[in-house]
Amino acid sequence: MTAKQQWLRFACTVAVATLTIGPAVRSAAAAPPTASTSTSTGSPVLAADEARTGRFLYAVNQAAATRGSISVYDIGAGHRLVKTIETVGDVDDVKGVAASAATVRLYVAYRTRSGVGMIYCLDVYHDAVLWNRAIDPDIDRLAIHPGGQLLYVPTWENRPTPFINILDAGTGDVVRKVYFSNRSHDTLFPPSGPLFQETKAEDGSGEYLYLIDPQSYAVSHIGPYAGILGPYAVDGMSRYVVNNVTGLWGMQVAELKSGRIITASLAEHPPGEPGLLHGIGWTPDEREVWQSSSAGDPHIYVWNMRDPMAPVLAERISLTSRHGAHWLTFDIEGDYAYVAPNKSSEDATEIFDAHTHRSVGLIGSSEDMIEIDFADGKVSRVGDQFGVGRVVRTSTN
């Protein structure tokens, strides 16, 4: 038994099936150029001397007029909009973004107006769509292997499909299926691994968080939680995971090694049922967890995580839009928090100073954002669409 499997109170190993599919379905026609929304002024063309130096936020647009295109913001220049990359047409619902510094490729999962799950692959150096193909049976918020060779793709929260797909990131071909539960949703590969997966299954299996060994594909799980899981975030050492749980005003935190799960409740909250509080993420220094509320609650709840198994509510931040939020993430350094509006909204994404908790600006509507940094003409590092912890300690710390 591996060390990762020994973390968990409950573990099960399941069979894994392998499948290879035929040639790629290619359809990379770009949508007509459209203007992008930004609160900063500046040229939409990225100058050659700027293009390969600095920290940039790649935000997949979700407003109707620009949906599926990617706006690129210069983080170090007040999030100035520097260019918009036209990608593919017929994007109805953007479902996730992932990128690899090793291969210099960016991937966007989306669904078309006719309900087909698709992924497109972008060459970051040339802003060119390399492939755009349908993934059977569907897609959701995806993750990528640290080496950039594989994509881990859920089969959509509304489909009763009992597996996730593993894709060849170079071609989009399905190379393996991992079976464990149905209605798979958000997939995450945090800094210390392994692969994490939650589902919206209503048969009881949706009350567990799944861990998939990236070498053996053995599946283990932790739980049960208090309800069906929603979005979640893992710390840098994969010791703790914070979870949004259906029907809970607050969050649950799991210690992966012991399997212990605690509940952090919001004593003061809007009236009515919570549904599912959605956005959640660690600040990169892991001092705080930020959590968005339900669609009708325009606040972010900030938890002090000095003791991860005893969170303390530190602050409630008001959003400018007053319409609520659906997702949040952070830049790599932990200077900024990006709080996205409700799904497919025309509202702007709000930027907060992650240290002072002050609102400092707006960018175009996006919940699928990832930082890509350039140094000496090369991609040097990439961030994550999830708000993951980034404190990675050595064994002597």
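Loops, sheets and the largest pocket of a predicted model

A polar atom of the side chain of D213 lies 2.7 Å from the backbone nitrogen of Q215, and the same side chain of D213 reaches the backbone nitrogen of S216 at 2.9 Å; a polar contact is here a pair of N or O atoms within 3.5 Å, where within protein one must be able to donate a hydrogen and the other to accept it, and where residues adjacent in sequence count only if both atoms are side-chain atoms. The structure is a predicted model, in which local features need pLDDT of at least 70 and side-chain atom pairs count only at pLDDT 80 or more, while totals for chains, interfaces and linings use all residues. Residues are numbered from 1 along each chain as its sequence is written, and side-chain values use heavy atoms, with hydrogens and water left out.

D213 is found in the loop between β16 (209–212) and β17 (219–222), strands (E, at least two residues) being DSSP runs numbered from the N terminus. With a relative accessible area of 10%, D213 is buried, a class that means under 20%, against over 50% for exposed and in between for partly exposed (1.4 Å probe, protein chains only). D213 and P194 are 19 residues apart in sequence, and their C-alpha atoms are 5.8 Å apart in space. P194 itself, placed in the loop between β14 (184–188) and β15 (195–199), is joined to G193 by a cis peptide bond with omega of about -10 degrees. A cis peptide bond is also found from G223 to P224, with omega near 5 degrees, and P224 belongs to the loop between β17 and β18 (229–234).

Most peptide bonds are trans, and most residues other than glycine have a negative phi. E286, in the loop between β22 and β23, has a positive phi of about 65 degrees and is buried at a relative accessible area of 10%. The strands that flank this loop belong to an open sheet of 4 strands in the order β22-β23-β24-β25, with antiparallel pairing, where two strands pair if DSSP finds at least two bridges between them. Because β22 (280–282) and β25 (312–318) each have a single partner strand, one side of each is left without a neighbour in the sheet. Within this sheet, 5 bridges join β23 (residues 288–292) to β24 (residues 299–304), and V289 stands opposite W303 in β24.

A further open sheet of 4 strands, also with antiparallel pairing, has the order β26-β27-β28-β29, and its edge strands, β26 (327–330) and β29 (359–363), each pair on one side only. β27 (residues 336–340) and β28 (residues 349–353) pair over 4 bridges, with V339 opposite E350 in β28. S344, in the loop between β27 and β28, has a positive phi near 60 degrees and counts as partly exposed at 26% relative accessibility. Q62, which lies in the loop between β3 (54–60) and β4 (70–74), is buried with a relative accessible area of 2%, and its side chain reaches the backbone oxygen of N342 at 3.4 Å.
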